[in-house]
Structures are given as C-alpha cells and as structure tokens.
2 protein chains.
Amino acid sequence: MLLRLSTLFVRTLRENPADAEVASHRLLLRAGYIRRAAPGIYTWLPLGLRVLAKVEAVVREEMQSAGAQEVHFPALLPREPYEATHRWTEYGPNLFRLKDRKDADYLLAPTHEEMFTLLVKDLYGSYKDLPVTLFQVQTKYRDEARPRAGLIRGREFVMKDAYSFDVDEDGLELSYQRQRDAYERIFQRLGLDYVIVAATSGAMGGSRSEEFLSPASIGEDTFVRSPGGYAANVEAVVTPVPDVVDHADAPAAHVEDTPDTPTIDTLVAFANETHPRADGVPWTAADTLKNVVLAVTHPDGEREIVAVGLPGDREVDLKRLEAALTPSVAEPATEADLRTRPELVKGYIGPGVLGRANTGDEKAVRYLLDPRVVEGTRWITGADVAGRHVFDLVAGRDFVGDGTIEAAEVRAGDPAPDGSGPLELARGIEIGHIFQLGRKYAEALGLKVLDVNGKQVTVTMGSYGIGVTRALAAIAEANHDDKGLAWPVQVAPAHVHVVATGKDPAVFEAAESLASALSLRGMEVLFDDRPKVAPGAKFADAELLGVPLVVVVGRGVVDGLVEVRPRAGGETAEVAIVDAVDHISELVEQL
Amino acid sequence: MLLRLSTLFVRTLRENPADAEVASHRLLLRAGYIRRAAPGIYTWLPLGLRVLAKVEAVVREEMQSAGAQEVHFPALLPREPYEATHRWTEYGPNLFRLKDRKDADYLLAPTHEEMFTLLVKDLYGSYKDLPVTLFQVQTKYRDEARPRAGLIRGREFVMKDAYSFDVDEDGLELSYQRQRDAYERIFQRLGLDYVIVAATSGAMGGSRSEEFLSPASIGEDTFVRSPGGYAANVEAVVTPVPDVVDHADAPAAHVEDTPDTPTIDTLVAFANETHPRADGVPWTAADTLKNVVLAVTHPDGEREIVAVGLPGDREVDLKRLEAALTPSVAEPATEADLRTRPELVKGYIGPGVLGRANTGDEKAVRYLLDPRVVEGTRWITGADVAGRHVFDLVAGRDFVGDGTIEAAEVRAGDPAPDGSGPLELARGIEIGHIFQLGRKYAEALGLKVLDVNGKQVTVTMGSYGIGVTRALAAIAEANHDDKGLAWPVQVAPAHVHVVATGKDPAVFEAAESLASALSLRGMEVLFDDRPKVAPGAKFADAELLGVPLVVVVGRGVVDGLVEVRPRAGGETAEVAIVDAVDHISELVEQL
C-alpha cells in the first residue's frame, strides 16, 4: 500500500485551530485527519478514516473471538420501543427527536438496548437458544449540551455496542466477564492504558457497571484509586460510614445569636470567638452541618424541593448528585422555589423544619443526609431563624434524616471504602462502559423464554459499549508531543513515511524505488513525493502526521545512505540504502 | 471461517411475511438476512451483514482502483449548505428535518454534494490540486412517500457516493468516464446484469446523467432500448420530432357542434359519423389534440396553471412530466384551480384561450406542446365552448405553443431517437446513477481555484452514486427461485453449506471433520450442526439461505460418500469423502 502525498486528499494546518484546546482535537484537525462539519459532528478525511478502520477492525476481531455475533441496526428508529422503557422521556434534551412525513415520532438512537431486546424476542423463544451476545459497530447520536474536545464528546459518533442475553444471573455473570476480558484485550491491542473503575448505571439502569478509563488530564471523568486496588468513578464512590459516636455526655442543643455569619467561614470564626469548644480544639467547617436546598425534577415532571445535609467543609458535587438521583434531575433551588417554602430561612436553614421523619410532617421538605452524619455526631447548624444557629445538635438524638445520599464531593485523601488507605484522584477518558442490566429492558418489552421446566422466564441482559471514535481520540491524546501525533503502529495510517528531500531527480528516484520496495514487502507506505515543498515543511508534516517510522531520502543517497527516525523517539540511524528494506521491515516488526 | 447453525443468530421463516410482495424482500426476510425495524428501515442480521460487507468491499476496491479516495461525512448535517443550493426546500417532504436542543435546523443527508464541495473548498485552492475524486460508503436518509420492496426503496440505506472535481469540461468528461468504467467493473464483479441508460438529472441538477439499471420485472424504473443500441430511462426519452407537414392545401379551421362527446372516444366516433375525413381514412384518437390542465408549484411557492397539448391517443406520464418540470412539481389541476381560470371550459379546452404566444395575452395560461405537434399537423380539439370542437386546426397556422414538453407516455413501438427502429420497453432497478453536475454546486458554494494563469475559476463537478443496499436486493432479485436465494459466490455469506443429517453420531463427526477441513482450506463454511432438526427442514433452510454449494453428509458416510449439490442448479454428485475437500475447493474456484 503506497499513498502519495502529492495526490493524497490532505492538507496540514500550520496554525492551531480556534476552539481546539485539547491536544488530540487540535492535532487531528491540524494533521488533516478530521474536519468539523457542525458542533460535535466531524468528517473523516482519508488518513483519519484509515486509523478509524484499524480501530474498528481490532474491536470486531475481539468481539468475534469472544463469541459475539455482529448485526447492524438502523440509527433512525421509531419512538414506541423507547417509550416502553421510558427512555423516550428520560433521555431529555440529549435525544435527537424528529417526525417523518406522516407525523410519526422517530429518534436518532443513542444506544440500542430496546431494539436488541425486541430482536431477540422476535427470533428466540427457549433457554436452549441462550446465551447469545450480539454486537454492532454503528453511528450513534446524542444531542450533548456541551460537545467538546473534538471526538471525545461528540454528537454523532461511532460506538461498538454489544448486548448479552442469559436465562439467569450466573449466565449474565459469565457473559459480562467474557466481554470484560475482550475489552482488556481490545485496549491492550490498541496500545491504550486503561483503568477499570466501578461506575454508576445512569439512565441505562441495571445493577452493576464498570467503566474503562484511559488516564488523561483532559479527561471528563474523575476517578479514585486506593493503594489496595479499589478504583471507582467519582460518581460511584461509596463513602465509608464512620462508627456511631457515643453521645451520652453531649450537652443539650442550644440556640445562639450568631449575627453577621452568612457563610460557613464567618460562622466558624464567630463560634471559636464566642463559643469555644470545651476541649479547646477549635471549631472547623467540618463541625458545621450545611443544608443545601435543591429542586428535583422527576420523570413524571413533578418538581420537588429537597434538602441535602452535609458537613460544611464539603461542597455538593453535581455529577455525584445527578448519579444519585437519576433518572430524576436536580438543580440548585431558585428564589421562586424557596418562596414556596417560607419555613426555609436562607443562610439559617436547619433540621428544625426539614425532613418528614424529623418533623413528623408528611409535607415537610424531604431531608437527605450525607453518610458521615451518623448517630452521635454533633453539629453547629441553622436554627431556622435569621441570625441564629443551634449548637451541639446531635444526630439521632435531636434530628434524623429521610435517608442518606452520596452527593458530597470526593477528595484526595478521603478513606477508601475497602479500608486500604487514602484515595488518590485522577482524570480519565471513558473509552468503555459495561453494564449488568438485569431484567429492566426484558421486562419492559416482554422478552421471555421457556426455561428447562417449560416455564416462561424473563431474560437477563448485559450491555457493553466502546466509544470507537472516542477511543481513537484517546489514543491520539496518549501518543503525541508538541510537534504532532505519534501513532502506535497497530492503528497508524501507515507504517513508514518516506520523505524525499531537495530537488535532485536522483534522490526522488531513489525514494520512489524505496517506497515501492517497502510497499511490495507488505508495508503500508506514506510517500512524500511533493516536488516543490521545502525539506523543513516535509519534516514538520511527518512529525504532525505521526507515522511511526520516518525515512528521509536526501543528499546521503550519493553515499548510498538514508536516514531512519522513529517518530516516537529513539535514535536516528543512517542505513545503507541497499539494506533499507530489510532494516525497516525489522523495525516495523519490533514496533 | 466456520459458522454453526446451532449457534448462529438466525431463524428462517416458513411462511411468507405479510406485505413482502417482491421476491428479494420476501426471501431476505424469510432467510433471516434482514428484519424490518420501521417502514423502509431495516436491521441487518449476521448473514445479511456478511453479504453487505462483501458488496461494500467490491465497491471500495473498484473505487480505489479508479483513483477515488475514501472519506466519510456525517449523516446529521446543518441546514445552511443545503439552503445555499436550495435543496433544503427543493427536496420537499423527502428530506428528514430536525432541530437540535438549541433550535438549530439539521437534516439527515439524502446525498452530500454540498458537503463535498465545501470540503474541497476548505482544502484546495489551485488547479494543481485537481483533478480529485472522493467517495464514501455511508448511510443515507430519504423520507420516501411510499417505501416499498424492502431494500429497494428504503428510508435508511447504504449508498456509495463519489464526487469528482475538475477545472474544465474535458477533465470532467475523463473523471466521469473513469467512474463509469468502475461502475461497469463493479456490477460485473457483483454478477449483476445491467443496462446503462440516458437519464434525467432531477433535483440533482447538471447537464448529463446516466443510470445503471438491473433489468427486473419488479423494477420501479421503466426504460427503453432500440435495436441500434439507444437506451434511456423513460423519463429521459427524447421524442423524435416529425417533419413539418405541408399544409398549403389544408382547409380552414371550422368549429362544429359535437354534442355528447365528453371523451376522446365519443369525439372520434362522432367525428367519423358526422364529419368523415375527405380521404376516407377514419379519424383516430391520434388526430385529436388533448389539452391537459396542470397546477405547477414552483420552488418559490408560486402555483401556476399550465396546459399541456398532446395527441389524444397518449396519456400524460406523471413521471416524465415531473422530470420535465423539476424542480417545480406538477399535479392535475383541481376544481378550485379551474375556477381561477373561467376561460377553461372543462372537456372542451382548446388553443383558442391557451398560450401567451398564441393569444398575445401575457396573462393567458402557459401552453406547452408535445414535440409531435409540429407545424402543419391538423387537429380536432376543443373550441372553448361547451359542446363544440374545432376541426382542421393547423399547428403553426392556427395556433402555436409557448414551448414544448416531454410529458407524453412512451410506448413500445415508438420510433427511437437514433432512428434505429422501434423502442422496446422494459423495467429495471436503479442500482447506479452518475451525473455531470457541472458548476451548479461549485457556484452556489463558491468553490473556485486559481487556474494556470492565476485567475479564479469555478470548479466543475460530477457525482456518482451506487445504492449499495439496493444493489444487494437486486442481486437477490436476479438470483433466486421459488425455494429461496441462490447467491453468486462472490457475495454469498459462505461458500459451502455443510448439512449433517439424521442422528448418527458418526455422521455428525464426519460432517464436523469435513466442515473444519474446508474451513482450514480457506473456504467460508456454514455448518448445519443442529442435532434435532429433520433433514427435510435442513434442506429447505439450505435452499432458502442460498449458499452456492450444499454438501450433504448423511447415511452415505458408511460407504465413504457425501453428496454435493450446486444451489443454483446443475448436477448433484456423490463424492468420496476422502476427496471431498479437493473436489469442493475446485468447484468453489469454478463458481
């Protein structure tokens, strides 16, 4: 395979494109791999398409060797199946919806659980047909609020989605593990570092899920790791519950005037000044109980006011909150929301008016507590009167919640749930996500089979996604320097980039022969045969394009020599042109 | 490659699915190659996807060897480029339109002329960059009014679309010819009979176009052929213009009472009875001039009343009319339309009130004549008064039109435009369509390059489409019998279908060994290893699935024999099992 730069449909950009802040995005644009067609929607140029095809091929091969069978669903789908599972509404504005000429509702599918479920229901009817795992490599659509970072968060993208169907939990566990193993092989073959983290299921539903993250500072996902091997997406981190505190000696709660303490900091300073702790230890923000009021919109459209109580040294993490409440959606309560609840005194809200269990009032604001607010803990918190706070308010004695919620931010140094030490925080790009869905979709769509006793049983499912275009971006993100891309050989658009420099026809002839010979030896060759481009520009393009081996054919030809440079670093070598094919072939093998 | 029917995700249907009237549609459904997801929208099951991948591979290879470079555009596109070329409106209800969360207009692309034009404009700027031909294999969307025949007229389908860019007409001609040659190679390799016919350009615009039709009685396109080799889509047939008739001796036109002659037939009968021709030859419908009133909607929304004059023995062909008027759209005038034109007396409309050139009235109904209405021809036609017709009305002497129109039906036996004899009519499936677009898109979107003199010139383009999924259906249509499909080997989902019959474990072991051996020899093997399916059902499935060679392993195994049956016909042979791999391998080579 020999591609000539003189005719190849590609133009590199010297300047960084505006709005491309992430390296993979910037370099894929500059190197002419992709072009933007609309926000979050990209066109693939020839070199980009070659890389994409290689990534897809790896995914396909490993799916097949994991026993998954390939099918292909439409992207344009009718509303009804997504209505049956409530996802037509639950997906909210992320779903592209449209009408056909007969005014029937359609959508551009974000994932295909419903359609796979219906297809298996259509074809299969017995436990003997199972297990089966199906997959597709297909174009998906999500109307992201903030498409960003090029291919990393797009609105039209390629995904590999697979779905497993089993009669029972043991089968699901096996199918899940088989996909999980295939994912490990895929990311290893793609040369991608990955971390497998516990995750939340989000709109997908189901009982267990894990994400494959490619560690990257520009990643959108924050995850935690512990020295003992615990790893979780920050949304899925479970706060270790502290032991109950003995509060037999705790003083009775007492309300105090706390003028001019609108913030936690001013309150803590005031408390230390006027009501120092008996043991002399200063109060800190962690001793205060912050009550955050939220407006939660439920899938049925109801808007509910909810309060979350958490230690005053922590913020609410909106992503964790969202994961905890899904499919309901939360936002900070507005002034209008607060006016509907006159008992809430802004800046001084406390358990005195919050909670149904607490106040015995079924109409009270629902009150959810951070897991750290265990029985016996003592708090300074609002007294529900402007300018007043209550001290020594003891959880379990003086107030209770209506439940707990994982909404507080996770911080580096927090204890790991497995007790193995402090958590470390890092960021990553979500390149895969696997779910044990259980029976949510099969129940909603009536997918049952006859079991071994001739009884109808509902099938249990898994769903397994890889963001194919996103994985490509993650590879670019992990394999670049300030001069350009540096592809791993297994996905590079070519193996060797031959550059002919200068104007000497003898040099061009030698380069032409070498490029042909390499191609005949089975290597994929990109040949810079452009007659009027300066050597500097050619070298810059080679560095930008990122083919793993760069072979420079220049004046050295008179001495029978060419230069071989590994793009990703390593030594530049002068090689005798007569040995060049063998030598380069060996280097490609070793890459 | 070895696929086992015991685990393959496929179920054949014994019964014909409702609403599947066309053989390819019916058999692709019954054999479990595709499933319907919505009207005109299909899901590909594993065997169907294998065939589709093979068809795509042939298309890709021939595009590449014709020098076209592959890219890939999004399906979801912003409105603006299609607005610039007016196609946003001209496509009418065939276009799927939608809005994103910010209320911006998007469409699902039916073809990509605009985007390719903009991409080349983005990358290229000089005549030195040209010519270039780009292509993609991509999913397209058209909201067809009447999706039918399965994959033949779908709403989501795979298309190969290519676009050429040249500085001048000679270049376009070469690029066009190169694609045309590639199309011939593609359809030959796919084993598809095809006819290349002159065609109209429709909404695409441009100066010249040809269609590749696969002859099939269920085809939607009617085309003509002449003994001399003229071939055209019926919409593109050019009526040979008869010689001018000497009308020196023609009598003056005379209006006659023609009571009770509301139809052409009653008028002809009445004329023969009361006003026989001087030469004794009876009047026929061909002597009458029928004036058909139409309402034409122009792209700007204006609704214009237009009359078409044609010989009374011919009907208006709505498809030819549509092609003649595109991008305007015509329909028969309604009663309401006619009320706006009180001069039109229904059943008696004639040139007395029609035509601007004719009446000298700029507000008169525009009057377009069939090409057969040449100077000197004499007609019986309406006198614009109820119950009266005019006789001996001579074209050119007594009336003229405002132009001619190709709207009359084409009939078998009509003279060919090349004078080579009578036209023959046939039907076909449009599998390819190539266009010399010229500068329509480049002008609308400003695609110019510097020419050799440093002057900006507008680029000239071609566009070249193959309906990939439709071509697959055309192959199925051309390769089936009443028992099922019979794929040509080059696109078949497997080369050999090994059937193990009966219950004898020795038979199954022999079949298993043979299937493995064939697979190891590089053949693609479908192996019916289902333990509890009766031989008759297995044979029926083999015939339905249509793999080219069926190998039956049954009781003959005790005598060391298996049976080899070519699916498409030919002799069934008993073959020694020890020679089977060699023998079958040879047969596959010969297919």
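Trainee: Why is the pair B:Asp129 and A:Arg11 called a salt bridge?
Mentor: The closest N and O atoms of B:Asp129 and A:Arg11 are 2.6 Å apart. The cut-off is 4 Å between a side-chain nitrogen of Lys or Arg and a carboxyl oxygen of Asp or Glu, so the pair counts. Keep in mind that the model is predicted.

Trainee: How many salt bridges does the rule find across the interface of chain B and chain A?
Mentor: The rule finds six across that interface. Over all chains, a search of the whole structure finds 102.

Trainee: What area is buried between chain B and chain A, and how many residues does the contact take from each chain?
Mentor: The buried area is about 4300 Å², and carbon and sulfur atoms give 61% of that area. In chain B, the residues that lose the most area to chain A are B:Phe9, B:Arg101 and B:Leu123, together 18% of what that side buries. The contact takes 51 residues from chain B and 51 from chain A.

Trainee: Why is area used for the size of an interface?
Mentor: The size is often given as the accessible area lost when the parts come together.

Trainee: Back to salt bridges, within chain A. What makes A:Lys140 and A:Asp161 a salt bridge?
Mentor: Their closest N and O atoms are 3.1 Å apart, and the limit is 4 Å, so the pair meets the rule. The pair links distant parts of the chain, with A:Lys140 in strand β8 (residues 132-141) and A:Asp161 in strand β9 (residues 156-166), 21 residues apart.

Trainee: Are A:Lys140 and A:Asp161 buried or exposed, and why?
Mentor: A:Lys140 has 0% relative accessibility and A:Asp161 has 1%. Buried means under 20%, so both count as buried.

Trainee: What do the relative accessibility values make of A:Arg79 and A:Glu83?
Mentor: A:Arg79 is at 25% and A:Glu83 is at 34%. Partly exposed runs between 20% and 50%, so both residues count as partly exposed. A:Arg79 and A:Glu83 also form a salt bridge, with the closest N and O atoms 2.5 Å apart.

Trainee: Which accessibility classes do A:Glu315 and A:Lys290 fall into, and why?
Mentor: A:Glu315 has a relative accessible area of 49%, which falls below the 50% bound for exposed, so this residue is partly exposed. A:Lys290 is at 16%, under 20%, and therefore buried. Their side chains meet in a salt bridge at 3.5 Å, N to O. A:Glu315 is in the loop between β16 (303-311) and α8 (318-325), and A:Lys290 is in strand β15 (residues 289-297), 25 residues apart.

Trainee: Which residues of chain A are linked in a network of salt bridges?
Mentor: A:Glu173, A:Arg180, A:Glu184, A:Arg208 and A:Glu210 are linked in one.

Trainee: How many aromatic pairs does the structure hold?
Mentor: There are 22 over all chains. One of them is A:Phe187 with A:Phe212, with 5.6 Å centre to centre and 45° between the planes. Stacked needs under 30 degrees and edge-to-face over 60, so this pair is tilted. A:Phe187 belongs to helix α6 (residues 169-189) and A:Phe212 to strand β11 (residues 208-215). Both rings belong to buried residues.

Trainee: What makes B:Tyr183 and B:Phe187 a pair, and of which kind?
Mentor: Their ring centres are 6.1 Å apart, within the 6.5 Å limit, and their planes stand at 85°, over 60, so the pair is edge-to-face. The two residues are four apart in helix α6 (residues 169-189) of chain B, separated by about one helical turn. B:Tyr183 and B:Phe187 are buried.

Trainee: How do you know that A:Arg565 lies over the face of A:Phe539?
Mentor: A:Arg565 is at 4.6 Å from the ring centre of A:Phe539, and the limit is 6 Å, with a further test on the angle to the ring normal. A:Arg277 likewise lies over the face of A:Trp283, at 5.3 Å from the ring centre.

Trainee: Why is helix α1 of chain A called largely enclosed?
Mentor: Seven of the eight residues of this helix (residues 23-30) are buried, so the rest of the structure largely encloses it. Among the buried ones are A:His25, A:Leu27 and A:Arg30. The elements that cover them include β2 (34-38), α12 (468-478) and α14 (535-545) of chain A.

Terms used
Residues are numbered from 1 along each chain as its sequence is written. Chains are lettered from A and ligands numbered from 1 in the order in which they are written. This is a predicted model: local features need pLDDT of at least 70, side-chain atom pairs count only at pLDDT 80 or more; totals for chains, interfaces and linings use all residues. Side-chain values use heavy atoms; hydrogens and water are left out. Rings of Phe, Tyr and Trp (its six-membered ring) pair if their centres lie within 6.5 Å; planes under 30 degrees apart count as stacked, over 60 as edge-to-face and the rest as tilted. Buried means under 20% relative accessible area, exposed over 50%, partly exposed in between (1.4 Å probe, protein chains only). A charge sits over a ring if NZ of Lys or CZ of Arg is within 6 Å of the ring centre and within 35 degrees of the ring normal. Contact means heavy atoms within 4.5 Å. Buried area is the accessible area (1.4 Å probe) that two parts lose on being put together, summed over both.
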